Amino acid sequence: MAALLRGLRAGRAIRGLGSVVAAPTATTPQCRSLRRSFHCAALRLQDESKSDKPPSSSSTTYHEHYQAHTTEQYTTAASQGDSASDPAAEEASRPNTSYQDQSGEQGEEYETEEQLQARILTAALEFVPQHGWSMEAIAAGAETLGLSSASTGMFYNGAGDLVLHFIAQCNSQLTEILAEQHKQVQLGQAEPKKTADFLRDAVETRLRMYIPYIETWPQAMSILLLPHNIPDSLKHLSTLVDDIWYYAGDRSTDVSGSYHPRSPSSTAHTFLSPSHHHPHDIRPATIQMNWYTKRAALTGIYNTTELVMVQDSSPDFQDTWNFLDNRIQDVVNMASTAKQVQSTGEAVVQGLMGAAVTLKNLTGVNQRR
Amino acid sequence: MAAPMRLLVRRVIRLSHRNIHVSAAGASGRSGCCWGTSPCRCFSDDRNTHFGFETVPEAEKAKRVYKVFENVAQKYDVMNDAMSLGIHRLWKDTLLHVMHPQPGARLLDVGGGTGDIAFRFLEYVCSQQERQKRRATRSMQTPSWQDISNNYSTEDEDGPRESRAVVCDINKEMLKVGKQKADSMGIGAGLSWVVGDAEELPFDDDQFDIYTIAFGIRNVTHIDQALQEALRVLKPGGRFMCLEFSKVTNPVLARLYDAYSFQMIPVLGEVIAGDWKSYQYLVESIRKFPDQEEFKHMIEDAGFYCVQYYNFTGGVVALHSGFKL
């Protein structure tokens, strides 16, 4: 520990970080501040590409001075923000240094602006039931982190930023859950689910994340429909649907007629999987749109179920889950019906061809004289 | 009636001739006379700064700026309307919209002598609070028994936080005019008037949510010191906003703007306020102020984050905003 500190101090001296830091009061804040300043220098080098602000040496030293002044002020705020920052920290890429784990707190000015914004928005989510999806909720969130309400000026899109952040957070949570389940199946600890069940569970898990905010969710949906938010909300939706299909075992990457390798985990595909039912590797034109069809179908299911959920008043949203079951069943039926129609059609065509040949034989047209 | 008019016209022509002479000669002429009269002083005080197109020792600039604003204080608002054709009201309204203050915010308006920004701030926050109250009553029109009992139990907690605005100016005359305006408009609650220097504010650290300086920072001798002070008195998360004249980007508009500034504005100053030289100083000081990008770098150097600027009226006025994070 002492050697670490000496190394840090030497590192700082070598970097020539300029003017003397105002003498910090106790040794422990000094250790923390040293660690943080080293960490900050490392972070700054890494984040230079991200933030377009060139960190001048004068501002670095000012920050160290400032930070030594106000360590006590930040301990309470930072420890409050710590739990909230963990999901945000996982999203953002941070250098995997051990200093991160050793210091119990994080200096707010040493993270990038995006990370701080993510933390503010996460803190703002708990005020949404009270204030709705609005700037007031963001202001209340900023205040719990110890920042002034004027910092809401950073969010040019206002409530839209809050809603999009929440959706991104839900999507990443869902991805984690699905990855965890996938791992379980790989390890053989769980049975692979049928595709229909898998989709149903994934959509239900995802929609359940809205339950704490279900009162204000119509407001959030209307915010997402504003023209300047539509590109972002569509992007989030398509990422969500793509992720669900990926974990359901669909690995198709193109829409050409080539054979798609199947994923090892899911062997029980029953619908919308062409290679199963075409032993001769004939791929009719309808299968070429498979990738789009799957995603379009799931998007439709997801959106309609969300709408049903918003006005559902049954206990534990039972009506919504029944609706979801029915929709997925519809898609399954439709897919198998489509296949049946296709094979029937082919059979009919073959029958007609055979009848035509027989007729030609009977009338003697086919004979060669 | 005719005689004083003739006198005035002759004075105007004489002053405009002097104006052309000065702007042609630039800084060298005037600074020459200054150095001629007191060489020793200039040698010992070797840090000079600009006062319009003149070069003056730094110690003197503050005094001269003080005199300028002392002279113009009474007619300041009238002159603003005349010079900007009333557009300055739009600029200040836009400043408030970008600021979007939340109820309970504390504002420090530096160099805000006659109080324009502070009045708008209080109005904005009042209307925000009213809107919130209306929304609350609308949503509570069918309260459940739970809500009613909650309301009774929380009645003694203090109501929505009071927003406060502090107007700080180095010039007592400007503050006097501001106070008179406030009295006549009937705004009294939540407003304080403080005499102070932007380079050395008489406030503790971490006091204010928002710091504004509207059309004042170009009069400050050491701009970086003013920025440091702004950083000091702002709370963490606080916002720095600076409304200031800046460089016009469009060349056609720039020509028109220059012509208007140097020909019309001092004349208006003479006719309306009886003070040519102050308004000459005003337009010259606009030209000496750094442009948008440079000022943005200065703000970043002082330690603010998320710095950006908005151009109004094609760059005639720029609003710079930064956060203390």
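Which residue lies over the face of F323(A)? Select F323(A) and look above the ring: R327(A) is there, at 4.7 Å from the ring centre. Keep in mind as we go that this is a predicted model.

**Chain A: charges and rings**

Stay in chain A and select W245(A) together with K294(A). The charged end of the lysine K294(A) sits over the ring of W245(A), with 5.0 Å to the ring centre.

Next, pick K193(A), R200(A), D201(A), E204(A), R208(A), D316(A) and D325(A) in one go. Salt bridges link these residues into a network. Over all chains, the structure holds 24 salt bridges, and we will visit some others in chain B.

**Chain A: into the core**

Now show W133(A), F166(A), Y210(A), Y213(A) and W217(A) as sticks; together they form one aromatic cluster. W133(A), Y210(A) and W217(A) come up again in the largest nonpolar core, which has 63 residues. Along with I120(A), L162(A) and I244(A), they are the members that touch the most others. Colour helix α9 of chain A, residues 159-186, as well: with nine residues, that helix gives the most to this core.

Centre the view on L162(A). Which residues is L162(A) in contact with, leaving aside its neighbours within four places in sequence? The contacts include L121(A), A124(A), L125(A) and V128(A), and further along W133(A), S134(A), A137(A) and I138(A).

Another core lies apart from this one; it has 34 residues, including W91(B), M99(B), L191(B) and F312(B). That takes us to the other chain.

**Chain B: an overview**

Switch to a cartoon of chain B, and you can trace 13 helices and nine strands. The chain has 325 residues, of which 48% count as buried. Among its contacts with a separation of 6 or more, 74% are between residues 24 or more positions apart. Turn on the surface and about 16300 Å² is exposed, with carbon and sulfur atoms supplying 57% of that area.

**Chain B: three salt bridges**

Side chains of opposite charge can pair when their charged atoms come close. Begin with R47(B) and E58(B), a salt bridge whose closest N and O atoms are 3.0 Å apart. R47(B) is in the loop between α3 and β1 of chain B, while E58(B) is in helix α4, eleven residues away. Is each partner buried or exposed? R47(B) counts as exposed because its relative accessibility is 51%, whereas E58(B), at 14%, counts as buried.

Stay on helix α4 and select R64(B) with E54(B), which meet in a salt bridge of 2.8 Å, N to O. Here R64(B) belongs to the helix and E54(B) to strand β2, ten residues apart. R64(B) is partly exposed at 24% relative accessibility, and E54(B) is buried at 14%.

For the third stop, choose D93(B) and R120(B), with closest N and O atoms 2.7 Å apart. D93(B) lies in helix α6 and R120(B) in helix α7, so this salt bridge ties together parts 27 residues apart in sequence. D93(B) is partly exposed at 33%, while R120(B) is buried at 18%.

**Last stop: a pair of rings**

A search of the whole structure finds 20 aromatic pairs. Finish with F203(B) and F208(B), an edge-to-face pair with 5.2 Å centre to centre and 85° between the planes. F203(B) is buried at 15% relative accessible area, and F208(B) is buried too, at 1%.

Methods: Residues are numbered from 1 along each chain as its sequence is written. Chains are lettered from A and ligands numbered from 1 in the order in which they are written. This is a predicted model: local features need pLDDT of at least 70, side-chain atom pairs count only at pLDDT 80 or more; totals for chains, interfaces and linings use all residues. Side-chain values use heavy atoms; hydrogens and water are left out. A salt bridge is a side-chain nitrogen of Lys or Arg within 4 Å of a carboxyl oxygen of Asp or Glu. Helices (H or I, at least four residues) and strands (E, at least two) are DSSP runs, numbered from the N terminus. Buried means under 20% relative accessible area, exposed over 50%, partly exposed in between (1.4 Å probe, protein chains only). A nonpolar core is a set of buried Ala, Val, Leu, Ile, Met, Phe, Trp, Tyr and Cys residues joined through side-chain atoms within 4.5 Å. Contact means heavy atoms within 4.5 Å. Accessible areas come from the Shrake-Rupley method with a 1.4 Å probe; for residues, only the protein chains shown count as cover. Rings of Phe, Tyr and Trp (its six-membered ring) pair if their centres lie within 6.5 Å; planes under 30 degrees apart count as stacked, over 60 as edge-to-face and the rest as tilted. A charge sits over a ring if NZ of Lys or CZ of Arg is within 6 Å of the ring centre and within 35 degrees of the ring normal.
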